[in-house]
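Student: Please take a close look at the helix packing here. Go helix by helix, and keep it brisk.

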Amino acid sequence: MSDSRRIGGSFRDPNGFVFVADGLVYRQVNEGYRSNYDQLMESDLYAELVDRALLIPHSEAGSNLSPDGQGYKILQPEQIPFISYPYEWSFSQLKDAALATLNIQRRALRHGMILKDASAYNIQFRHGKPLLIDSLSFETYQDGQAWVAYRQFCQHFLAPLVLMSRKDIRLSQLLRVYIDGIPLDLAKSLLPKRTWLNLGVVMHLHLHARAQQRYANKKPPAQSEPTSRRGRLDKKALMNICDSLRSTVNGLKWDPKSTSWARYYEGDSYREEGFDDKYRTVTEYLSIVKPDCLWDLGANTGAFSRIASDQGAFTVSIDSDPGAVEANYLQSIGLNETQLHPLLVDLTNPSAALGWANGERDSLAQRCKADCVLALALVHHLAIGNNVPLRNIAKYLAALAEWLIIEFVPKSDAKVKVLLASRQDIFADYTQSAFEDVFSEICEIVRSNSIQSSERRLYLMRRRPAGAS
Amino acid sequence: MKYFLSLLKLTTAVAGLRILFAYLDPGSGSLIVQLLIAVVVGILATFRFWKSRLLSLFGIRQETDEEDGDDNANEN
């Protein structure tokens, strides 16, 4: 294979790695993983997990694709249209990913295997639901063994979920700093005392953190013949631990009513006819563009994202408000939507490239395959709420996709007045004509329509080819 | 805390852990605490089992966590 590239985040596990060749993602199974892979495929575990949409399906590709020529198998998994990370998920997205991981662990144990890692980054959303994308996460279960990935599960899933539920929803962002999950001693120190009343949180988090502290840099006791059945970690005991984790995770709730954005559409942003007119115009623009993949920036609860996803476009519905993203996700689950992916990102500080050599997790822009960007009621938040010059906004948006559907919200609009209420107006250049001039430098304005009952305006723009002016 | 540490010592004294090759560092504390948790949740599971058996003798059926209750989350 002449033109293959290893994925930056796939170097820890010596059992294989992920690479891209000719635009497709492949996974190499190394010789050392042969027996585990064979057991996965022959034990019906693979078929069961794929059948229940818990594991990414794959086909076996030719071994000539192997970048190092040493693969036992080369797998071509079903391609995922967008890779997202746990710090970009809402509370229920992370919770569903945790429950999916535990579900997989239970099924693996029943088939004589066990999850050897429980990384949240191994879970992705396909057709709106979480599933495991790492087919090399399984190993043969050996009687008496502990769950090696227990700590990872608690750091990647349980600690952030408990912090989000019992302390502050914004603490999910700690996952951006701690790429291998939130350290349990940190989570423990941040949690309120009332969490000591929850047995699951006490065992899996508080006592777990203390045990880590107690046995830091010490070897665990070696295997000896157990003196009684009760003192032994058999399969039933691991199932019980798994059930206890499941029950603890299931018991965690978060009510987004405290955030302002989830009820945005119930407020007075527009009069009803203004909303309908905007909806009609966006629908018309999308019928011109016919995108395969659309990113809706500042999507709130996804009302306009759904125009695109209902037309069949894979739609990433991005907002910075945890309540709006949560409401969006719960709605997509309720409607069984397969083409919509709600995502929690603050566009004033979008996800950066993280991890070793900044190559393990891609930045938001690196992951963009959109052919159209929808930016409704967004520009004033960036320009006035965050002081970003219009030219910078134009460059950023035009770099993401060829097509842009964008709304200009003038200073006379009630929402802009709110942004300016407590600060000096230093935005002399924030006018409709300046907006059009700046965007016209990079894009051609294909269509433009005013929105009824408001002074806002919608634009359909197309990026000019490189070199054109 | 002292009570917790003695429980940990007691648990690890009567049981051993099979340590396998793993590319993750499982963490000694994380391995050992599983022994303790296994005992606690094992006792609770036994208690729940006998409680439901006893109640069923009197014709009372309890709402219980289905063994595969989490499956539905991923069924299309």
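Tutor: Start with a yardstick: the expected span of a helix is 1.5 Å times one less than its number of residues. Keep in mind that this is a predicted model.

Apply the yardstick to helix α11 of chain A, residues 322-334. α11(A) has 13 residues and runs 18 Å from its first C-alpha to its last, close to the 18 Å expected. The second case is α2(B), with 30 residues. Its end-to-end C-alpha reach is 44 Å, close to the expected 44 Å.

Stay with α11(A) for a moment. Its buried residues are A:P322, A:G323, A:A324, A:V325, A:E326, A:A327, A:N328, A:Y329 and A:S332. Those buried residues pack against α3 (91-110), β11 (314-319) and β12 (340-344) of chain A. After α11(A) comes A:N336, with a positive phi near 55°. A:N336 is not a glycine. A:N336 sits in the loop between α11 and β12 of chain A. Because just 10 other C-beta atoms lie within 10 Å, A:N336 is exposed.

A:N358 makes a useful companion. Its phi is positive, about 50°, although A:N358 is not a glycine. The loop that holds A:N358 lies between β12 and β13 (372-375) of chain A. A:N358 has 12 C-beta neighbours inside 10 Å, so it counts as exposed.

Now the packing itself. Two packed helices are described by the angle between their axes and the distance between the axes.

Take helix α4 of chain A, residues 150-166, through one of its residues. A:F153 lies in α4(A). A:F153 has 27 C-beta neighbours inside 10 Å; the cut-off for burial is 20 or more, so A:F153 counts as buried. Leaving out residues up to four places away in sequence, A:F153 touches A:T101, A:A118, A:L158 and A:L245. A:A120 is 33 residues from A:F153 in sequence, yet their C-alpha atoms are 7.8 Å apart.

The contact with A:L245 leads on to helix α8 of chain A, residues 235-250. α4(A) and α8(A) pack at about 30°, with axes 10 Å apart. At that angle they are therefore roughly parallel. The crossing is left-handed. From α4(A), the contact uses A:F153, A:L158 and A:L161; from α8(A), A:L245, A:T248 and A:V249. By class, that gives five nonpolar residues, one polar and no charged.

α4(A) also packs on α7(A). Here the angle is about 110° and the axes are 11 Å apart. The pair is therefore roughly perpendicular. On the α4(A) side stand A:C154, A:L158, A:A159 and A:V162; on the α7(A) side they meet A:V201, A:H204, A:L205 and A:H208. These residues divide into six nonpolar, two polar and no charged. A:L158 of α4(A) takes part in the contacts with both α7(A) and α8(A).

Next, follow α7(A), residues 199-214, across to chain B. Chain B has two helices and zero strands. Of its 76 residues, 29% are buried. The partner of α7(A) there is α2(B), residues 28-57. The two axes come within 8 Å and cross at roughly 140°. α7(A) and α2(B) are therefore oblique to each other. Their crossing is right-handed. α7(A) brings A:M203, A:L207, A:H208, A:A211, A:Q212, A:Q213 and A:R214 to the contact, and α2(B) brings B:G29, B:S30, B:I32, B:V33, B:I37 and B:V40. By class, this contact has seven nonpolar, five polar and one charged residues. A:H208 of α7(A) is found in the contacts with both α4(A) and α2(B). Just after α2(B), B:G59 takes a positive phi of about 75°.

One more helix rounds off chain A. A:Y37 is placed in α1(A), residues 34-42. A:Y37 is buried because 21 C-beta neighbours lie inside 10 Å. Apart from residues up to four places away in sequence, A:Y37 touches A:V29, A:Y72 and A:K73. A:R12 lies 25 residues from A:Y37 in sequence, with 18 Å between their C-alpha atoms.

Key: Residues numbered from 1 in each chain as written. Chains lettered and ligands numbered in written order. Predicted model: local features only at pLDDT ≥ 70, side-chain atom pairs only at ≥ 80, totals over all residues. Axes fitted to C-alpha atoms, helices over the stretch in contact; angles between N-to-C directions. Helix = DSSP H or I, 4+ residues; strand = E, 2+ residues; numbered from the N terminus. Parallel < 35°, antiparallel > 145°, perpendicular 65-115°, else oblique. Left-handed = near helix turned anticlockwise from the far one by under 90°. Contact = placed C-beta atoms within 7 Å. Nonpolar A, V, L, I, M, F, W, Y, C, P; charged D, E, K, R; others polar.
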